[in-house]
Amino acid sequence: MNRRQLLSISALSIPLTGCVKWDFDGATENNSPAQKMTETPSKTATETGTTPSEVSTPECWPSMCEGSQLVEAQVVGGFSGAVVLIATCRNKELSIQAGESVRINRDTDAQTCRIVLSVDGKQEFSETVNSHQSVNLTVGSDGEVTERWIVQ
């Protein structure tokens, strides 16, 4: 099929809305009213399997809303050391035992917070969780920390 036939078929398969004015030089002008563009959150799942609508609303999207997760830290059952989670925005220092997890949620829309995780007295994680982020931290049986970021 040659190029002209392909363009003709393509043009016929595309629905046109509004009026289109053709000039003699081949340019077009669309006389239909401009459509209002709205931005809505994506419906794709985050790494934790929750949709963005469960952690944010259009009022505070793309920032995470009040009540959404800032950080969740868990320690696997086979770890025998000391694990401490510090959330500077709350002035909290929490000890986490083997087999337990701790979750800290936002107090306000788009809240940011510096999170520090220490394992056996050594700082293994220290990052700021921004208004559009959340982080999951896991301390393995060998004391190694893995992190998984969720970004809205």
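1. Let's start at a turn: Asp120 sits in the loop between β7 and β8. (Helices, H or I of at least four residues, and strands, E of at least two, are DSSP runs numbered from the N terminus.) Asp120 is not a glycine, yet its phi is positive, at about 50 degrees. Its relative accessibility is 52%, so Asp120 counts as exposed (exposed is over 50% relative accessible area, buried is under 20%, partly exposed is in between, with a 1.4 Å probe and protein chains only).

2. Before going further, a word on what you're looking at. This is a predicted model, in which local features need pLDDT of at least 70 and side-chain atom pairs count only at pLDDT 80 or more, while totals for chains, interfaces and linings use all residues. Numbering runs from 1 along each chain as its sequence is written, and side-chain values use heavy atoms, with hydrogens and water left out.

3. How confident is the prediction? The average pLDDT (the predictor's confidence in each residue, from 0 to 100) is 75 for the chain, and 60% of the residues score at least 70. Strand β7 (residues 113-119) has the highest confidence, with a mean of 98, whereas helix α2 (residues 52-55) has the lowest, at 43. The pLDDT stays below 50 over residues 1-56, a stretch that makes 48 contacts in the model beyond near neighbours in sequence (contact means heavy atoms within 4.5 Å). Where pLDDT is low, the predicted coordinates should not be read in detail.

4. Now the overall layout. The chain holds two helices and ten strands, and from the N terminus on they come in the order α-β-β-α-β-β-β-β-β-β-β-β. It has 152 residues, of which 31% count as buried. Taking the contacts with a separation of 6 or more, 48% are between residues 24 or more positions apart.

5. The sheet deserves a look. Four strands form an open sheet in the order β5-β4-β7-β8, with antiparallel pairing (two strands pair if DSSP finds at least two bridges between them). At the edges stand β5 (92-96) and β8 (122-129); each has a single partner strand, so one side of each is left without a neighbour in the sheet. On average, neighbouring strands here are turned by 15 degrees against each other, direction ignored (axes are lines fitted to C-alpha atoms).

6. Two of the pairings can be read residue by residue. Seven bridges hold the antiparallel pair of β7 and β8, and Val119 has Lys122 of β8 as its bridge partner. On the other side, β4 and β5 run antiparallel and are joined by five bridges, with Ala87 bridged to Lys92 in β5. The β4 and β5 hairpin has four residues between the strands, and there Asn91 takes a positive phi near 55 degrees.

7. Which cysteines does a disulfide join? Cys89 and Cys113 are linked, S to S at 2.1 Å (the rule asks for a pair of cysteine sulfur atoms within 2.5 Å), and the count comes to one disulfide. The link of Cys89 and Cys113 is left-handed, with -90 degrees about the S-S bond. Because Cys89 lies in the loop between β4 (83-87) and β5 while Cys113 is in strand β7, the pair ties together parts 24 residues apart in sequence. Cys113 is buried, with a relative accessible area of 3%, whereas Cys89 is partly exposed at 31%.

8. Is Ser134 buried or exposed? Ser134 lies in strand β9 (residues 133-139) and is buried, at a relative accessible area of 2%. A polar atom of the Ser134 side chain lies 3.1 Å from the backbone oxygen of Gln69. Leaving aside neighbours within four places in sequence, Ser134 has contacts that include Met64, Leu70, Val129 and Trp149.

9. Just before that strand, His132 is found in the loop between β8 and β9. It is partly exposed, at 28% relative accessibility. The C-alpha atoms of His132 and Ser63 are 4.3 Å apart, although 69 residues separate the two along the chain.

10. One last backbone item, Ala110. It belongs to the loop between β6 (101-105) and β7, and its phi is positive, about 60 degrees, although Ala110 is not a glycine. With a relative accessible area of 29%, Ala110 is partly exposed.

How values were computed:
Axes fitted to C-alpha atoms, helices over the stretch in contact; angles between N-to-C directions. Polar contact = N/O pair within 3.5 Å; in protein donor to acceptor, adjacent residues only side chain to side chain.
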